[in-house]
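Let's take a walk through this fold, one neighbourhood at a time. Have the structure open and follow along.

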Amino acid sequence: MLITNVRPWGGDAADLELREGMIAAVHPAGAAVGVAHGAGETVDGRGRIALPAFTDVHVHLDSTRIGLPFREHTASPGVWNMMRNDRENWRDTPVPYTEVVAGTLERMIARGTTRVRSYAQIDVDCKLERFEAVLAAKERFAHAADVEVMAFPQAGLLLEDGTVPLIEEALRAGATTVGGIDPCQLDRDPVRHLDIVFGLAVKYGVDVDIHLHEPGHMGVFSTELVFERTRALGMQGRVSLSHAYDLANVHPDVTARLVEQMAELDVAWATVAPASGGTQFDLAGMTDAGIRVGLGEDGQRDYWSPYGNCDMLDRTWQLAFTHRLRKDPLIEHCAAIATIGGASIMDRTVQRLTSPDDRPGLAPGDRADIVLVDGETITSTIMDRGTDRTVIHDGRLVADKLAVLPNPVP
């Protein structure tokens, strides 16, 4: 494939030559007209900005009402109350549940996301039904996106008998990450909770992701237990914290110590850019420290929240807005987090961000996962969030004009 007249990371116009799923060369605009590329197609970039395709490292594909009639929010506050409300309502859809899940993934791909790490709730109510729906969506759109599925105990591991065997069954069935959630506040037995999570991770050779909503020093305590196990089991680079926002709201010296340990143990951080009245993590500082930071959309207009629209460009705007960023380089850094930052969490061979000024992912030798978007600059693109988008996955055109294309013949 040849992509003509695009501006990688908003820079000078160029032609991108793609071969075997990789970026083979970057030519000055117009210089690649005579490049022999066999029977490959040519895509006219029309002067649009080229970015690495988006990576969503924190989405609940199994918890979605995208494509369904809008519904009044009925949940009470709190993780357990939200979970119960979801449990009571998620089966009640006017179209088959599996189609709702697949339709959400399709909408994400059409808007430029080609790497996805999705949670799949597993508990004694749904058993593996939601997990299997996410697996089915993954298989249906395997030509257009890489999807990792996490076995996630949304209702805790210890509160209901039978949860742990179901988590283990999902790991045998193909889950590549095992999740944990609020070891102190929800299960009220952090040692046992984390022993189970890390024990399963070691047994099945999978990654760990810990959902952490816990406040203040309770969250610090759980985090230090996570660090302790990461170090003892040699799982550096295979653990991530999701949310964990209140770790930035304790004493600055404590926050600094935690950030230092995250960097030392290569523990990644996934944020969904929530509104917060407190202190936010310093995105640039975390990247400077060597921490892999990724972005996700969380639930998509589901029983937890009416927010979410499957558009990572929209969530990139939210990341910049909630962190009160105004300078262009820092807003552009949010785009780097939403693309390559998350990719480096899912795939440790991806070049990680080492500075807030890094703009990797579009050089010869990089994987040809690209989204073309309209805009004057990266910052204006994030502010305007235009819809003229073309999506490339593994060197093949998979979506255009906000529609996923049929599975192309290799």
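What covers the buried residues of α1? The cover includes β6 (54–64), β7 (113–121), α3 (129–140) and β9 (177–181). This is a predicted model, by the way, so read everything here as computed from that prediction. The α1 helix itself spans residues 79–89, and its buried set is made up of Val-79, Met-82, Met-83, Asn-85, Asp-86, Arg-87 and Asn-89. Notice that charged side chains are in that list too: Asp-86 and Arg-87 are buried along with the two methionines, Met-82 and Met-83.

Three of the strands just mentioned, β6, β7 and β9, belong to an open sheet of nine strands. Reading across, the order goes β13-β12-β11-β10-β9-β8-β7-β6-β14, with parallel pairing. The edges are taken by β13 (293–295) and β14 (298–300); each of them has a single partner strand, so one side of each goes without a neighbour in the sheet. From one strand to the next the twist averages 30°.

Zoom in on one pair inside that sheet. Strand β10 covers residues 207–212 and runs parallel to β9, with five bridges joining the two. If you want a landmark, look for Val-178, which stands opposite Val-208 in β10.

Now for a helix that lies on the sheet. Which strands does α9 lie across? They are β6, β7, β12 (268–271) and β13, and α9 runs at about 105° to β6. The helix α9 (residues 312–322) also packs with α10 (residues 328–346), at an angle of about 135° and with 9 Å between the axes. That angle is why α9 counts as oblique to α10. The crossing here is right-handed. On the α9 side, the contact is made by Met-312, Thr-316, Leu-319 and Ala-320, while α10 brings Ile-331, Cys-334, Ala-335, Ile-337 and Ala-338. Sorted by class, that comes to eight nonpolar residues and one polar, with no charged residues.

Two further helix pairs are good to look at side by side. Begin with α4 (residues 163–172) and α5 (residues 190–204), which pack at about 25° with their axes 11 Å apart. An angle like that makes α4 roughly parallel to α5. Their crossing is right-handed. From α4 come Val-164, Ile-167, Glu-168, Leu-171 and Arg-172, and they meet Ile-196, Leu-200, Lys-203 and Tyr-204 of α5. By class, this contact has six nonpolar and three charged residues, and no polar ones.

Then move on to α6 (residues 216–232) and α7 (residues 252–265), where the angle is again about 25° and the axes again lie 11 Å apart. So α6 is roughly parallel to α7. What is the handedness of the crossing of α6 and α7? It is left-handed. In α6, the residues that meet α7 are His-217, Val-220, Thr-223, Glu-224, Phe-227, Thr-230 and Arg-231. Their counterparts in α7 are Val-254, Arg-257, Leu-258, Gln-261, Met-262, Glu-264 and Leu-265. This contact divides into six nonpolar, four polar and four charged residues.

One more set of strands is left to trace. Start at β1 (residues 2–8), which pairs with β5 in the parallel sense over two bridges. Here Pro-8 has Ala-50 of β5 as its bridge partner. Strand β5 (residues 49–52) sends Ile-49 and Leu-51 one way and Ala-50 and Pro-52 the other, and all of them are buried. Its pairing with β15 (residues 370–373) is antiparallel, over four bridges, with Leu-51 partnered by Val-371.

From β15 the path carries on to β16, again antiparallel, through three bridges. Val-371 turns up once more, this time with Val-391 of β16 as its bridge partner. Strand β16 (residues 390–393) points Thr-390 and Ile-392 one way and Val-391 and His-393 the other, with all of them buried. Finally, β16 pairs with β17 (residues 396–400) in the antiparallel sense over four bridges, and Ile-392 stands opposite Leu-397. These two strands form a hairpin with two residues between them, and in the turn Asp-394 has a positive phi of about 55°.

Note on methods: Residues numbered from 1 in each chain as written. Predicted model: local features only at pLDDT ≥ 70, side-chain atom pairs only at ≥ 80, totals over all residues. Heavy atoms only, no water. Buried < 20%, exposed > 50% of the residue type's maximum accessible area, 1.4 Å probe, protein only. Pairing = 2+ DSSP bridges. Axes fitted to C-alpha atoms, helices over the stretch in contact; angles between N-to-C directions. Parallel < 35°, antiparallel > 145°, perpendicular 65-115°, else oblique. Left-handed = near helix turned anticlockwise from the far one by under 90°. Contact = heavy atoms within 4.5 Å.
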